[in-house]
Structures are given as C-alpha cells and as structure tokens.
Amino acid sequence: MIEDTLLRLEGVGRALAGRIVVDDLNLTLDRGTVLGVLGVNGAGKSTTLKMICGILSPSAGRVLISGADFRENPRTGASAIGYLPEQPPLYAELRVEEYLSFCARLRHRSGTLLKAAVNSAIDRCGLGDVRHRLLGNLSKGFQQRAGIAQAIVHDPSLIVLDEPSSGLDPLQSSNIRSLIRELGKDRAVILSTHLIADVNQCCDRVAILHRGKLRYDGPVNVLADDHSVLIRIAADVKSEAWTSIAGVESAQFVDGAWRIARSGDASIAQLSDAIVRKEWGLLELRPQQASLEQVFLRIASADDVAVAA
C-alpha cells in the first residue's frame, strides 16, 4: 500500500547560538501536492528545508518521512527525498550526462538501472539537447534544470526545492514552474520561495513562515478576508443606508456590487437578515477574497501575529 502522507513535522524547532530560528512547526504533506513555503529573507525557510532533508537535526520535535522518524531511519529517509539547494550542487567541468550518472551512483544505482534513471531524469527535465554539454557552459535556466534532474534521478517520492527560480528570466521561470507542476502530479513537492508568482502558478497549498513560526497553512486559492463581503442587491440604495445597519463600517459601490467592511462582531448571517428585512432584494452575498500577496504582506509586516488556519 502506498503511503499518501509522505511528510509530517511534529513540533519541529531549531535553535542557533541561543536564537530560535524555527519554532514549533507542525505540517503534513500528501502525495500529489505541491506546497509553497513562502517568507521573507530570514523567515526560517531554508533551515526548515534542511531539517526536512536531514542536513540539519531539529533541536526539538520530529521529522517523519512516510511515517518513519528521519533521525532513527536516516538512510530510508534520505532515499525518499530529492533536494535542490539554493545554489545547485553542479560540477562545471562535467557534462550533463556524466554529472547525472555520478549522482545516480551516489544514490546506489548501477548498470541498466543507472542508465534508465539518467535517461528518465534527462527526459523529464528537458535536457536532451544539452546532455553532452559541459555544465559550466549552460545558461542559468538549464543549470537549474540539471539541479532538479539530480534531485529526481533516484525517483524520490518527496522533492524539496529551495528557490529554484532565483536569478532566472521570465521565460526560464515559466519553464521551471511548468516542470514543477509536472513533477507534483505523482509525488509531493516542496517549493521554498519569496516569489509570490511561483506559489500562485505552481502550488496547491501555501505555508507562510514569519520569524520562524508558521503563520498560515492552507489552499492557495482560499484566502478570505473575514471582515469584508461583496453584496449584490436589486434595490437602488445609498452608502448611508448601509452604514445605518449595525456592524457595517463602510460601503463602496464598485462594478455593480457593494463592497461592505464589517466590524469584527457583525456576522454575515446578521447582515443578510438585515438586508432581507429592508426588502432590498438580496441577489448575492459572499466573503471578499484577499489575494495571496495581501495576506503575505499583512503577515510579513506584523510584529506579532497569530497562526492562521
């Protein structure tokens, strides 16, 4: 039976020189999911990735790979993970095929299995036209592809990518995002980035880290602002009519709909009841969606914010 939950972090933390870098991180990741880890520089993203991959040991908590504690089963855990650090571990003097063969041997592939693994990685990462070229002579985009190829050459179930689009031009970034989406179809992928476009275009879920703490963990496309609603009604009313309703702080008419800002103690049910009583002809009422960028900036600019679920 294939384990769907590939990664589980239980209270994971890391301290460095007396300073807490990552604090009490709880997270799960299932097969077929691309998780974006978003945060400003110094938020704890790279440290978290290194603990997931076994490069750093947690000061607290456990990292479970397919249900097994990484610390107690390091070889099993390492074989299930493919890792691309922020600086791809490339050897400029090697050709692409030579480099991937070397990486496959490190992953205990040999003979026909090694050749098949290298060919598969080259094919999946679109490196066929450059397989005989020196890594040092490749563009930044192809070097990133080679870095991803070494991370998947042993067919891992969990792929961890640290800033894979860093330094790429728009076309190269688009190609890398397409590759990440393809890889996420049959395995789990973690994409650490500070680029919101990467998360919007590649990821199913997003985890936002700030000052070492998990501030948001949820679907990319379900980010609602609880205090703002969009309302369409049949009646022609003025904004003053809205603010006469208890709990309505402001009302703005935009593109045929009212955007209503509510106070924290005014529920959507109370607002809809008030509209029905006034016989305004309620046509639509829904929470106003906040963009990922708005949520991220709100979290990143806060000194002390609670975890968002």
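In this predicted model, a count of the salt bridges comes to eleven. Side chains of opposite charge can pair when their charged atoms come close. One of these pairs is formed by the side chains of Lys213 and Asp23, which meet with a nitrogen-to-oxygen distance of 2.7 Å. The two partners belong to distant parts of the chain, since Lys213 is found in strand β10, which covers residues 213-219, and Asp23 in strand β2, which covers residues 19-30, with their positions 190 residues apart in the numbering. Lys213 counts as partly exposed because its relative accessibility is 32%, a value that falls between the 20% and 50% limits. Asp23 is likewise placed in the partly exposed class, because its relative accessibility is 26%.

A second salt bridge joins the side chains of Arg187 and Asp155, with a distance of 3.4 Å from N to O. This pair, too, links distant parts of the chain, for Arg187 is in the loop between α6 (170-183) and β8 (188-193), whereas Asp155 is in the loop between α5 (140-152) and β7 (158-162), and the two are 32 residues apart. Arg187, at 4% relative accessibility, falls under the 20% limit and therefore counts as buried. Its partner Asp155 has a relative accessible area of 56%, which is over 50%, so Asp155 counts as exposed. Arg187 also forms a salt bridge with Asp186, where the closest N and O atoms are 3.1 Å apart. Asp186 is partly exposed, because its relative accessible area is 39%. Arg187, Asp155 and Asp186 are, together with Arg124, linked in a network of salt bridges.

Open and enclosed spaces in the model were also examined. The largest pocket has a volume of about 500 Å³, and its lining is made up of 19 residues, among which Ala78, Ile81, Leu106, Arg107 and His154 lie nearest the centre of the pocket. Two or more lining residues are given by each of the elements α2 (74-79), β6 (81-84) and α3 (96-106). Of the contributions to this lining, that of α3 is the greatest, with four residues. When the lining residues of the largest pocket are divided by class, twelve are nonpolar, four are polar and three are charged.

As for enclosed space, a search of the whole structure finds one cavity of 30 Å³ or more, and about 30 Å³ of space lies in the largest cavity. The residues that line this cavity are Leu25, Leu27, Val37, Thr48, Ala207, Leu209 and Leu214. Strands β2 and β9 (205-210) are the elements that give two or more residues to the lining. By class, this lining holds six nonpolar residues and one polar residue, with no charged residues.

Strand β10, which holds Lys213 of the salt bridge with Asp23, also contains Gly218. Gly218 counts as buried, because its relative accessibility is 7%, under the limit of 20%. Once residues up to four places away in sequence are left out, Gly218 touches Arg205 and Val206. The C-alpha atoms of Gly218 and Ile208, residues that are ten places apart along the chain, are separated by 9.3 Å.

Note on methods:
Residues are numbered from 1 along each chain as its sequence is written. This is a predicted model: local features need pLDDT of at least 70, side-chain atom pairs count only at pLDDT 80 or more; totals for chains, interfaces and linings use all residues. Side-chain values use heavy atoms; hydrogens and water are left out. On a 1 Å grid over the protein atoms alone, a cavity is a set of points where a 1.4 Å probe fits but cannot get out, and a pocket is an open set with protein on both sides within 12 Å along at least five of seven lines; lining residues have an atom within 4 Å of a point. Grid points are joined across faces, edges and corners, and a volume is the space filled by probe spheres set on the points. Ala, Val, Leu, Ile, Met, Phe, Trp, Tyr, Cys and Pro count as nonpolar, Asp, Glu, Lys and Arg as charged, and the others, Gly among them, as polar. A salt bridge is a side-chain nitrogen of Lys or Arg within 4 Å of a carboxyl oxygen of Asp or Glu. Buried means under 20% relative accessible area, exposed over 50%, partly exposed in between (1.4 Å probe, protein chains only). Contact means heavy atoms within 4.5 Å.
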